[in-house]
Amino acid sequence: MKTPHRKFQRNRESGQTMVEFALILPTLAILLFGVIQFGIAFNNYLAVTDAVRAGARQAAVARHLPAGDRDASIKSRVIAMADNLDTSQLAISVSVSPGWEHGADVTVTATYPYDINLLGQVIASGDLESSTTERVE
């Protein structure tokens, strides 16, 4: 008589796993999409940082260029290195202190907007900013 009781008990609990999975699935999906969105934002930050580093290196050796070509050369180098970003949204600035003489500090800064979007809702947004300083050679 105990055998039919166990069989009946097992059949009653057979849908429990599906119900638990249906309850947990939305949470897991939101968590997964959040990780993906964060990964995209972090990848963009790494791209901005690498592009600024390359632009600062270009600036460090650009002392010999005419004054009007220096900024254009530096900005074009940053844009070339940030090819996987939307370069129309990339803001680049170059500052040198005190001037373009040997040993002066040149700083290249870039900002790029980001937003973390989950299910149509913007959770976080702002600007990714990276700055690199090198000495003029």
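**Exercise 1.** Which residue in β2 stands opposite Ile92? Place the pair in the strand pairing of this predicted model.

*Solution.* Step 1: find the strands. Strand β1 covers residues 91–97 and strand β2 covers residues 105–118. Step 2: read the pairing. β1 and β2 are antiparallel and share seven bridges. Step 3: read the partner. Ala110 in β2 stands opposite Ile92.

**Exercise 2.** Determine how β2 is joined to strand β3, and name the bridge partner of Asp105.

*Solution.* Step 1: strand β3 spans residues 121–135, and 14 bridges join β2 to β3. Step 2: these two strands run antiparallel. Step 3: Asp105 has Arg135 in β3 as its bridge partner. Step 4: β2 and β3 make a hairpin, with two residues between the strands.

**Exercise 3.** Work out the strand order of the sheet and find its edges.

*Solution.* Step 1: the sheet is open, has three strands and follows the order β1-β2-β3 with antiparallel pairing. Step 2: β1 and β3 each have a single partner strand, so they stand at the edges and one side of each has no neighbour in the sheet. Step 3: with direction ignored, neighbouring strands are turned against each other by 20 degrees on average.

**Exercise 4.** Locate Pro98 and Leu119, and describe the backbone feature of each.

*Solution.* Step 1: Pro98 lies in the loop between β1 and β2. The peptide bond from Ser97 to Pro98 is cis, and its omega is near 0 degrees. Step 2: Leu119 is in the loop between β2 and β3. Phi of Leu119 is positive, near 55 degrees, in a residue other than glycine. Step 3: is Leu119 buried or exposed? The relative accessible area of Leu119 is 65%; the cut-off for exposed is over 50%, so Leu119 is exposed.

**Exercise 5.** Compare the span of helix α3 with the expected value, then examine its buried residues.

*Solution.* Step 1: α3 (residues 67–81) has 15 residues and reaches 22 Å from its first C-alpha to its last, close to the 21 Å expected at 1.5 Å a residue. Step 2: the buried residues in α3 include Arg70, Ser73, Ile74 and Val78. Step 3: viewed down the axis of α3, its buried residues fall within an arc of 130 degrees, so they line one face of the helix. Step 4: an α-helix has 3.6 residues a turn, so residues three or four places apart point the same way. Step 5: the cover over the buried residues of α3 includes α2 (16–60), β1 and β2.

**Exercise 6.** State which strands α2 and α3 lie across, with the angles.

*Solution.* Step 1: α2 lies across β2 and β3 and runs at about 165 degrees to β2. Step 2: α3 lies across β1 and β2 and runs at about 135 degrees to β1.

Terms used: Residues are numbered from 1 along each chain as its sequence is written. This is a predicted model: local features need pLDDT of at least 70, side-chain atom pairs count only at pLDDT 80 or more; totals for chains, interfaces and linings use all residues. Side-chain values use heavy atoms; hydrogens and water are left out. Two strands pair if DSSP finds at least two bridges between them. Helices (H or I, at least four residues) and strands (E, at least two) are DSSP runs, numbered from the N terminus. Buried means under 20% relative accessible area, exposed over 50%, partly exposed in between (1.4 Å probe, protein chains only). The expected span of a helix is 1.5 Å times one less than its number of residues. The arc is that of the directions from the helix axis to the C-beta atoms. Contact means heavy atoms within 4.5 Å. Axes are lines fitted to C-alpha atoms, for helices over the stretch in contact, and angles run from 0 to 180 degrees between N-to-C directions.
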